[in-house]
Amino acid sequence: MGMAAADLQFHVLAVDDSLIDRKLIERLFKISSCQVTTVDSGSKALEFLGLQQEHDDQNNPNQPCVSPSNQQEVEVNLIITDYCMPGMTGYDLLKKIKESSSLRNIPVVIMSSENVPSRISRCLEEGAEEFFLKPVRLSDVNKLRPHMMKTKCKSHKQEELEIIVTVEKQESIEIAHVVPSQPQKETDTVQQQQQQSQANSNNNKRKAMEENLSPDRTRPRFSSLTTAV
């Protein structure tokens, strides 16, 4: 099944505490015909994605600090986040997204104004698709289209699979209602044929017995016998 043109519009979630950088990112992605949602913190990004931060994460450091909440109503095909933000950093946000079974397949891109190799390596190892240095350019945004396309393909494959499974279940239900009556008809037909065959056999036997007992078929009598002198 092909994807309609409307289905090819990507939705990007941009996370940055700088208003100027958020406006720049929004403008670049809109030039690329993407729908853009902007938030100014990692916690708001988690809220938009349908995740909520636990308030007792400090008391339970070994427990995951993200738990499922309501699923987001809008599909997100890419998350681009600043690395340095107050409270939750871009790296922390990346980890929480990759820890979520429902969100881990969303591509995440980190951006930063500081070129720190160890920081870049850590983000890429954690699962980030790209690490861009600010200011982000249109050429950088264009590199992200294949990553967003993967989420569309996976989404459509999942929808097609669900449709196929639904159709197969419906067909199985219909067959279950129709098939049981068919063997009964065939059994009735076979029984009728057997009964007719038995009746014909009995008639044939009866006719044979009547023919054997007919006067015309009795043993001949000799009217005269030759007596030896």
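## Close-ups of a predicted model

**Figure 1. How confident is the predictor along the protein chain?** This is a predicted model, and the protein chain averages a pLDDT of 77, with 59% of the residues scoring at least 70. Two stretches call for care. Over residues 54–59 the pLDDT stays under 50, and the model gives them 4 contacts beyond four places in sequence. Residues 156–161 also have a pLDDT below 50, and this stretch has 3 contacts in the model beyond near neighbours in sequence. Where pLDDT is low, the predicted coordinates should not be read in detail.

**Figure 2. The protein chain in outline, with 7 helices and 7 strands**. Start at the N terminus and follow the elements: they run β-α-β-α-β-β-β-α-β-α-β-α-α-α. Of the 229 residues, 30% count as buried. The protein chain exposes about 15,900 Å², and carbon and sulfur atoms supply 50% of that area. If you take the contacts between residues at least 6 apart in sequence, 64% of them join residues at least 24 apart.

**Figure 3. An open sheet of 5 strands**. Reading across the sheet, the order is S2-S1-S5-S6-S7, and the pairing is parallel. Strand S2 (35–39) and strand S7 (130–133) are the edge strands, each pairing on one side only. From one strand to the next, the twist averages 20°.

**Figure 4. Strands S1 and S5 side by side, with helices packed on the sheet**. S1 covers residues 11–15 and S5 covers residues 78–82; the two pair in the parallel sense over 4 bridges. To find your place here, look for Leu13, which stands opposite Ile79 in S5. Helix H1 (residues 19–31) packs on the sheet and touches S1, S2, S5 and strand S6 (108–112). The direction of H1 makes about 170° with that of S2. Helix H3 (residues 90–99) packs on the sheet as well, touching S1, S5 and S6, and its direction makes about 175° with that of S6.

**Figure 5. A look at helix H3, which is mostly covered**. Of the 10 residues in H3, 7 are buried. Which ones are the buried residues of H3? They are Gly90, Tyr91, Leu93, Leu94, Lys96, Ile97 and Lys98. Gly90 turns up again in the next view, as one of the residues in contact with Asp82.

**Figure 6. Asp82 in strand S5, and what surrounds it**. UniProt, in an unreviewed entry, places the feature "modified residue: 4-aspartylphosphate" at Asp82. Is Asp82 buried or exposed? Its relative accessible area is 6%, under the 20% cut-off, so Asp82 counts as buried. Leaving aside its neighbours within four places in sequence, Asp82 is in contact with Val15, Asp16, Asp17, Gly90, Met111, Ser112 and Lys134.

**Figure 7. Ser112 in strand S6**. Ser112 is one of the contacts of Asp82, and this view moves over to it. With a relative accessible area of 1%, Ser112 is buried. Not counting residues up to four places away in sequence, Ser112 touches Asp82, Tyr83, Arg119, Phe131, Phe132, Leu133 and Lys134.

**Figure 8. His11 in strand S1**. His11 is buried, its relative accessible area being 3%. Where the chain is concerned, His11 and Gln35 are 24 residues apart in sequence, yet their C-alpha atoms are 4.6 Å apart in space. Gln35 is among the contacts of His11 once neighbours within four places in sequence are left aside. The others on that list are Val36, Thr37, Phe48, Val74, Glu75, Val76, Asn77 and Leu78.

**Figure 9. Two backbone details in loops, at Pro135 and Ser33**. Pro135 is found in the loop between S7 and helix H5 (138–142). The peptide bond leading from Lys134 to Pro135 is cis, with omega near 0°. You have already met Lys134, as a contact of Asp82 and of Ser112. Over at the loop between H1 and S2 you'll find Ser33. Ser33 is not a glycine, but it has a positive phi of about 65°.

Terms used. Residues numbered from 1 in each chain as written. Predicted model: local features only at pLDDT ≥ 70, side-chain atom pairs only at ≥ 80, totals over all residues. Heavy atoms only, no water. Pairing = 2+ DSSP bridges. Axes fitted to C-alpha atoms, helices over the stretch in contact; angles between N-to-C directions. Contact = heavy atoms within 4.5 Å. Buried < 20%, exposed > 50% of the residue type's maximum accessible area, 1.4 Å probe, protein only. Areas by Shrake-Rupley, 256 points an atom, 1.4 Å probe, with all protein chains shown as cover. UniProt positions renumbered as here; feature names shortened; annotations may be inferred. pLDDT = per-residue confidence, 0-100.
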